[in-house]
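Let us look at how a few descriptive words are earned, by setting each one against its definition.

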Amino acid sequence: MRLTPSAATATLVFVAFSAPASAGLLGDLLAPVTEPDSTRPSETIRTDDASERSPEKVGRFSTPFAEPTIVVDGQAMATDERCLPNAEGMLSCKPAAGTVANLGDGRFVYLNALEGTENVELSIVAEFGEVSVNDQSRVLTLDDEDRPSWSRPDPVDGGANPDGADSTTLSGALTGVPEGLLDTADNTAKNDGALFCADVTFLADGRMMAVGGTDYYTEPGVDGLPVGVVELEGLKASRIFDPETETWSQSGDMRYGRWYPSLVTLANGDVFVASGVTKLLKPVYPEQPLNSGRNVVQTETYDLDSGTWSENGGPAQRSLPLFPRMHLLPNGQVFYNAGGQAFNPFGQAYDQALWNIVAAYDPDSQQWTDLGYAGLPLKLNEVGLGALASTLNVTNLNAGQVQRLLGDLVGQTLANPTGLIEGLLDTPIDGRALERAIGSGMRGSTFSAMLPLRPDANGGYHDARFLTAGGVPTYVTVGSPGGYLPISSSRIDTVHVDGDTMEYSSELTGPLNEPRWYSYSVVMPDDSVMIFSGGNRDGVVLPGLEGAYRQAERFDPTTGNWTPMAVAHRKRTYHNTALLMPDGRVLVGGHSPINTAYLSFINLDQLGLADYQSRDPSFEIYTPPYAMRDDRPVIDSAPSELRTDGTTFDVAVDSGDVDQAMLIRRTATTHLVDGDQRAVVLPIVARSGGQITLQMTANPAVLPAGQYMLFVSREADDGMRLPSESTPVAILPGQDDAPIVQPAPVVTSGEANHGLVGSLLGKIGEVGRIGDTDGVSPLLPVTDLLSGVTSVIPGPQTLIEGAPGTAGELAGALQRGADIGRDTAASTPDAVRGLAEDAQRAGQTGGEAP
């Protein structure tokens, strides 16, 4: 696809819109969204009574806005297009927010994804190792009137690997084959330090760290040929973005290259990293054969003071999916919630069955404890199986792990010989049994949102609750980390902690209104959770054939139900993003899909499918109903810095009926992941007129050091919770050896263990209630699957109207394929001649290719 510029005016690299507040962009931003004239099968819009669909009920999205220039051949060109061709005919494009972070002062740093995919002419698998380039970063600034401007960080690509990447190639490990002869890893300087697929997190001082990333090359591949077989290798790099100077710098490298890792800030401010893969498409490691065919099992910890990484040892290893969904528990352990990114329905790791088990990592003992099978009441740690997955790790077979497992089994089985059976019998026998089974285990491309942490009557935080909805399930018996068709099932997983003792449980909530893949979750200051964007089929298994969801949904934790909300303007599926703004609105952006069917971009939007003309660099701002009102409370003053020391502090507000105060950590997120996302409710212990006194926790595992937003809220007369705009609060680091202070949990009635007989009687009593499921169909998983299949079929009118455009897209794809074929044929003689010369020189120099 070759785009022509709509304008060719040179502008400054730093650009800004200066429309007056009453017109132009600002007027568009504040205008309510209009419903589409018609809906297609793949983008069903839920419509209700007109009054129920008003912005006051569902919120509204602003008109999309995007960076107005593209730098082409060193010159900034003003254009409304997404891409412009340079002098060589290659496309330069505006970056999309595949990764985004809230800098807290009206600025947002974001990173591109899959830079250069628009230049693929035949197949991303054959060409991307040669045409890809390092991803760009940007800083978006929104002023008080929502006027956007952009600046370019230095260096704009994050600056990794200035001396080249330390690639691990298969051809380099072959006896008698000179290194670099059959791959292009050492000759692709423009794309060996991409920010794409790095995870991001904020450090305690407000700087952002990006860990991992991508080194692109072809393997096998020959220099001079435009085609080969692409490889995406994970980087060892960690780099830090400084918001003060908008510059990138290098920090200590990890020991293992990681593509799609996950980060979690620990209670002491250090950063824990797990998973990722060193080689995505060909994960074969001759020097570590048992690690071939799976993701990186070794975990590492970043020391905040020294800026260096250290490996956590054998017992800290764990097989996890890519971008595993992980969170910090109130006892300082890291919880894995059986979610991640899955790339094909046939599996991607020989030990992927272990991904179904939720577990917690203890940074002190540096070992994992299995808690249960996700979504089912099979409580592994309570029956002596807490070390099961660690013992089954083939790269860490040792007597210590076996002894731990056997010791737990003997001790806990003797104490509770029927525990395992009781756990299974706790599974409800009702009309949602099929949904519960289908939705259990690991889910691919789903979010995991940590619901607000609330103190009990003793002031301790003991129940961490995690909302998961949609995604592609394991389908129970397939043994796969994911499928193709998503589900609408929604559940809350709870981990009750009391010191090192942990109890796992899970419950279904009301389902989503549509089965949804890759939707972004945002925890809101009114206690709700919103989700945005996504698709009705997996856009990684078969890119370009998914329908897009533009309608947001809202989860009410009080009712446990999801409600359709406003409809966005743009279709955003893969690499979409959403995050909470300081004023309680949501910035929605992204959409950087993989090329259609892993070929070139063929846009089937005319048939009602997702937008695949290229990446979408635009943003929209979602304004929730509470943010449209003029009776929100206001914070007049609050401390700008706090410590987790258990003391009290005062906040001045303008409303005497404020009844809740909540600290929400600023978001740094990518690929549905923000391991540090958390909202914490602080007790109001006193009030006097316009002043409330809040109790600070003494537990740094509840509020790890970092940058937060303080919201206060009240319940309006109509029942709507109204949060204020936030004020920034920095939680300062404590002492390195500060203990996790946690009051004992409040014991409530009804927690006694009724034993095997009681469980059996309870199940018998529930048999007669099959179908009594509050309106949820017992066949929900089946209807979800049918919906995913039928929604790809366009209606007759859509097919007629879209046929000409689709035919043009296909004709263009054929022409591009012919072009790359001619280029390959023309390049082959010179490439073969060069290959022979390299081999000859390598033989003369002892096997090293030049």
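Two strands are said to pair if DSSP finds at least two bridges between them. The model discussed here is predicted.

Q: How do you know that strand E40 and strand E45 pair?
A: Five bridges join strand E40 (residues 648-653) to strand E45 (residues 691-695), and because the definition asks for at least two bridges, these strands count as paired. They run antiparallel, and in E45 the bridge partner of threonine 648 is glutamine 695.

Q: What makes strand E38 and strand E44 edge strands?
A: In the open sheet with the order E38-E40-E45-E44, strand E38 (635-637) and strand E44 (684-688) each have a single partner strand, so one side of each is left without a neighbour in the sheet.

Q: How do you know that strand E22 and strand E24 pair?
A: Strand E22 (residues 334-336) and strand E24 (residues 357-362) share three bridges in the antiparallel sense, and because at least two are required, the pairing is accepted. One of the residues involved is valine 334, whose bridge partner in E24 is tyrosine 361. Both strands belong to an open sheet with the order E21-E22-E24-E25.

Q: Why is a set of 64 residues called a nonpolar core?
A: The name applies because a nonpolar core is defined as buried residues of certain kinds, Phe and Trp among them, joined through side-chain atoms within 4.5 Å. Of the 64 residues in the largest such core, Phe196, Trp259 and Phe532 touch the most other members. Strand E32 (residues 529-532) supplies the largest share of this core, four residues. A second, separate core of 54 residues includes Leu329, Phe466, Val680 and Tyr708.

Note on methods: Residues numbered from 1 in each chain as written. Predicted model: local features only at pLDDT ≥ 70, side-chain atom pairs only at ≥ 80, totals over all residues. Heavy atoms only, no water. Buried < 20%, exposed > 50% of the residue type's maximum accessible area, 1.4 Å probe, protein only.
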